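Biologist: Please take a close look at one part of this model for me. I would like the helix packing and the side-chain pairs around it, in one connected account.

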Amino acid sequence: MSRNTHTRRRSGRRAAFASGLVLAVGLGVSAQVAAQAAVPAPAPAKASVKAPAALRSVSGFNGDVVTQVADFYGAYIDAKDDAQGPDAALVKALRAHYLTPAFAKQLAAWEKKNKVDGLLRAQNVPVDWTVSEVGNGLDVVVTLTFGGGESPTTTTRLVVKQEPTGQITGIRTMSIASAKAFAKSSAAVRSVSGQTGDSVTQVADFYGAYVDAKDAPMGPDAALVKALRAHYLTPAFAKQLGAWEKKNKVDGVLRAQNVPVDWTVSEGVNSGEIVVTHSFGGGESPTVRTDLVVKLEPVFGDVTDIRTTSAR
């Protein structure tokens, strides 16, 4: 699963921020000399040691077309697939943020007529999804896979149209011929993939949508920020985080007063932990990187803690 995105659409508010920079350097030398000239060197082992599998990671760029649609669809699927039932508050906040008012109204009318979710074109949620670029720069293709296990697998491909400021102005289902042609050529385009219920995907959905909400062109989207925190954070940690922010005067989710230029979410070494790396600054500002560890509740995957491991 990877996010390989580069094209940025808007600059956002990206002044560099650093607090408590940490540089850890370990120095150690161990030398041992043994006079064993008469003893032959041991033969190299015949059995090779298998290299450890690379940790899964998801990367995104603030203001990038593909990243932004992936943030929206990822968080939307999480909201629809909530263990307690669809999170209506988050669904509403996501639609209000990412859809133009005109298209939101049009979509609601379409849903009333067709009796299915207009963003997913289905009554249920996909098991995995991919957001891919297309040539014109403002449209992306969203591939949704439903079923699996004992159910047959079905795939739906949607074309999502955006305006230059980033809001979605239209969603249509690809024709069968266009979908087949795209499937043959999609290996060469940039894409973002995720799996429903996967911990790395879920944290990436949270942080991606959270950065979008904080960096909205008209100012931070307080309704979406509130809905995202309510959905992804445990109530106990949300209360603790609020107290931390009041004391430290910075956003506790980002550990900064501004938004990152790009970010990476990686599988942690320890079970139930995800590593989030943010890069701030760029351009005329020095680049500052912060590494966070996000701890998850084992059953539902809600965030129970966020701590900074380094800033440099």
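Modeller: What follows starts at one helix and works outward through its partners. Keep in mind that this is a predicted model.

Start with helix α2, residues 88-98. Its buried residues are Leu 90, Val 91, Ala 93, Leu 94, Arg 95, His 97 and Tyr 98. In helices generally, there are 3.6 residues a turn, so residues three or four places apart point the same way. The buried residues of α2 pack against α1, α3, β5, α5 and α6. Take these partners in turn.

First, α1. This helix spans residues 65-80 and gives the largest nonpolar core its largest share, ten residues. That core has 63 residues in total. Phe 72, Tyr 73, Val 142 and Tyr 207 have the most contacts inside it. An aromatic cluster belongs here too: ring pairs link Phe 72, Tyr 73, Tyr 76 and Tyr 98. Tyr 98 is also one of the buried residues of α2.

Charges join in as well. Lys 80, in helix α1, is 37 residues from Asp 117, in the loop between α3 and β2. Their side chains meet in a salt bridge, 3.2 Å from N to O. How exposed are the two ends? Asp 117 counts as buried, at 9% relative accessibility. Lys 80 is partly exposed, with a relative accessible area of 27%. The pair does not stand alone: salt bridges that share partners join Lys 80, Arg 95, Glu 111 and Asp 117 into one network. Arg 95 is among the buried residues of α2. In all, the model has eleven salt bridges.

Now the α5 and α6 side. Asp 221 sits in the loop between these two helices. Its relative accessibility is 19%, and the cut-off for buried is under 20%, so Asp 221 counts as buried. What does Asp 221 touch, leaving aside neighbours within four places in sequence? It is in contact with His 97, Ala 213 and Ala 216. His 97 is another buried residue of α2. Ala 93 is 128 residues from Asp 221 in sequence, yet their C-alpha atoms are 9.0 Å apart in space.

The two helices also share a ring pair. Phe 206 and Tyr 232 are stacked, 4.9 Å centre to centre, with 25° between the planes. Phe 206 lies in helix α5 (residues 199-214) and Tyr 232 in helix α6 (residues 222-232), so the pair ties together parts that are 26 residues apart in sequence. Both residues are buried. The structure holds six aromatic pairs.

Next along the chain from Phe 206 is Tyr 207, already named among the core residues with the most contacts. Beyond its neighbours within four places in sequence, Tyr 207 is in contact with Val 253, Leu 254, Val 276, His 278, Leu 292, Val 294 and Ile 306. Apart from this core lies another, of five residues, among them Val 159, Met 174, Ala 179 and Phe 182.

Two rings carry a charge above them. The charged end of Arg 121 sits over the ring of Trp 110, 4.2 Å from its centre. Arg 255 has its charged end over the ring of Trp 244, also 4.2 Å from the centre.

One last salt bridge lies elsewhere. Glu 267 pairs with Arg 56, with the closest N and O atoms 3.5 Å apart. Glu 267 is in strand β7 and Arg 56 in the segment before β1, so the bridge ties together parts 211 residues apart in sequence.

Methods:
Residues numbered from 1 in each chain as written. Predicted model: local features only at pLDDT ≥ 70, side-chain atom pairs only at ≥ 80, totals over all residues. Heavy atoms only, no water. Core = buried A, V, L, I, M, F, W, Y, C linked by side-chain atoms within 4.5 Å. Buried < 20%, exposed > 50% of the residue type's maximum accessible area, 1.4 Å probe, protein only. Helix = DSSP H or I, 4+ residues; strand = E, 2+ residues; numbered from the N terminus. Contact = heavy atoms within 4.5 Å. Phe/Tyr/Trp six-rings, centres within 6.5 Å; stacked < 30°, edge-to-face > 60°. Lys NZ or Arg CZ within 6 Å of the ring centre and 35° of its normal. Salt bridge = Lys/Arg side-chain N within 4 Å of Asp/Glu carboxyl O.
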